[in-house]
Amino acid sequence: MQHPAQPTRIETPSLRMPTAKDGPGIWELVRACRPLDENSMYCNLLQCDHFADTCVLAEMSGQIVGWVSAYVMPNEPDTLFVWQVAVSEAARGHGLGGLLLKDILGRKDCRGVTRLQTTITADNDASWSLFRKFSEGQGGGLSYAPYYTEDLHFQETQSTEYMVTIPLAERAALAA
Ligand SMILES: CC(C)(COP(=O)(O)OP(=O)(O)OC[C@H]1O[C@@H](n2cnc3c(N)ncnc32)[C@H](O)[C@@H]1OP(=O)(O)O)[C@@H](O)C(=O)NCCC(=O)NCCS
């Protein structure tokens, strides 16, 4: 994926929680954001409906230009797992990805969250850059290890996904 080297100015996007009606628009954005896995529209509807409190979308002139799906891990209430981050090409390179992550962490459903996790394939430079940058603003800790592997979990059809863990230093200190 090309690095957004010299982004042009854009209007400030507005951020909000999704509703079920946003499912199709999000499905289209994710489809346009290679190399993200395209989920079914039904999956995006469920994210918007059941996980709205930990998902966020960004709009510019009524168009969806950014999306993060995430949830607090069912058995680990201190962990926000980020499923997908998608920013439309026109809105890239302005820090929107990081802003979306921070918006979710500011919600009341994330009160007990002290670390963020996500999975990334080795070749997704944009995603590594986004999460490294985000971790710098959170105290700088980032660790990773192979998690869903090509041979064991994907029947050799997809690259290994590395589990990335980012401690949220300030929040952990407050919770201690
Ligand atoms: C990854 C993605 C969400 C980043 O969104 P964004 O709003 O442009 O990200 P930001 O502007 O917050 O950039 C964060 C950092 O990543 C860097 N970056 C962004 N795209 C990059 C790329 N293609 N290659 C290398 N670095 C990149 C930025 O330069 C920035 O670092 P800097 O401030 O030190 O320069 C967006 O490129 C995208 O939707 N990509 C396609 C889908 C995808 O791969 N999603 C991530 C997996 S869940």
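Start with the ligand: it sits in the largest pocket. Keep in mind that this model is predicted.

**Stop 1: the pocket**

Select the space around the ligand. The largest pocket holds about 1500 Å³ of space. It is lined by 50 residues, and those closest to its centre are V85, N124, A126, S127 and L130. Colour these five to mark the middle of the pocket.

Now show the helices and strands. Several elements give two or more residues to the lining of the largest pocket. The strands are β3 (63-73), β4, β5 (115-121), β6 (143-148) and β7 (161-167). The helices are α3 and α4. Which element gives the largest share of this lining? Select α4: it supplies 8 residues.

Next, colour the lining by class. You will find 24 nonpolar residues, 18 polar ones and 8 charged ones.

**Stop 2: the shell around the ligand**

Move in to the ligand itself. There are 25 residues around it. Select V85, V87, G93, G95 and K133, which come nearest. V85 also belongs to the group closest to the centre of the largest pocket.

Which elements supply at least two residues each to this shell? Highlight β4 (76-87), α3 (96-105) and α4 (125-136). The largest share, 5 residues, comes from α4. So what classes make up the shell? It divides into 11 nonpolar, 11 polar and 3 charged residues.

**Stop 3: backbone contacts**

Show the backbone atoms of G95, L96 and G97. Take them one at a time.

- G95: a backbone N or O atom lies 2.7 Å from an oxygen atom of the ligand.
- L96: a polar backbone atom is 3.4 Å from a ligand oxygen.
- G97: a polar backbone atom is 2.9 Å from a ligand oxygen.

Then switch on the ligand's surface. How much of it does the protein bury? Taken alone, the ligand exposes 920 Å², and the protein buries 84% of that.

**Stop 4: a cis peptide bond**

Leave the ligand and select R34 and P35. A cis peptide bond joins these two residues. Its omega is about 10 degrees. Where is P35 along the chain? Look in the loop between α1 (23-32) and α2 (41-50).

**Stop 5: a positive phi**

Finish at S61. Find this residue in the loop between β2 (56-60) and β3. Check its backbone: phi is positive, about 50 degrees. S61 has this positive phi although it is not a glycine.

Terms used:
Residues are numbered from 1 along each chain as its sequence is written. This is a predicted model: local features need pLDDT of at least 70, side-chain atom pairs count only at pLDDT 80 or more; totals for chains, interfaces and linings use all residues. Side-chain values use heavy atoms; hydrogens and water are left out. A residue is near a molecule or strand if one of its heavy atoms lies within 4 Å of it. A polar contact is a pair of N or O atoms within 3.5 Å; within protein, one must be able to donate a hydrogen and the other to accept it, and residues adjacent in sequence count only if both atoms are side-chain atoms. Accessible areas come from the Shrake-Rupley method with a 1.4 Å probe; for residues, only the protein chains shown count as cover. On a 1 Å grid over the protein atoms alone, a cavity is a set of points where a 1.4 Å probe fits but cannot get out, and a pocket is an open set with protein on both sides within 12 Å along at least five of seven lines; lining residues have an atom within 4 Å of a point. A molecule sits in a cavity or pocket if more than half of its atoms lie within 2 Å of its grid points. Helices (H or I, at least four residues) and strands (E, at least two) are DSSP runs, numbered from the N terminus. Ala, Val, Leu, Ile, Met, Phe, Trp, Tyr, Cys and Pro count as nonpolar, Asp, Glu, Lys and Arg as charged, and the others, Gly among them, as polar. Grid points are joined across faces, edges and corners, and a volume is the space filled by probe spheres set on the points.
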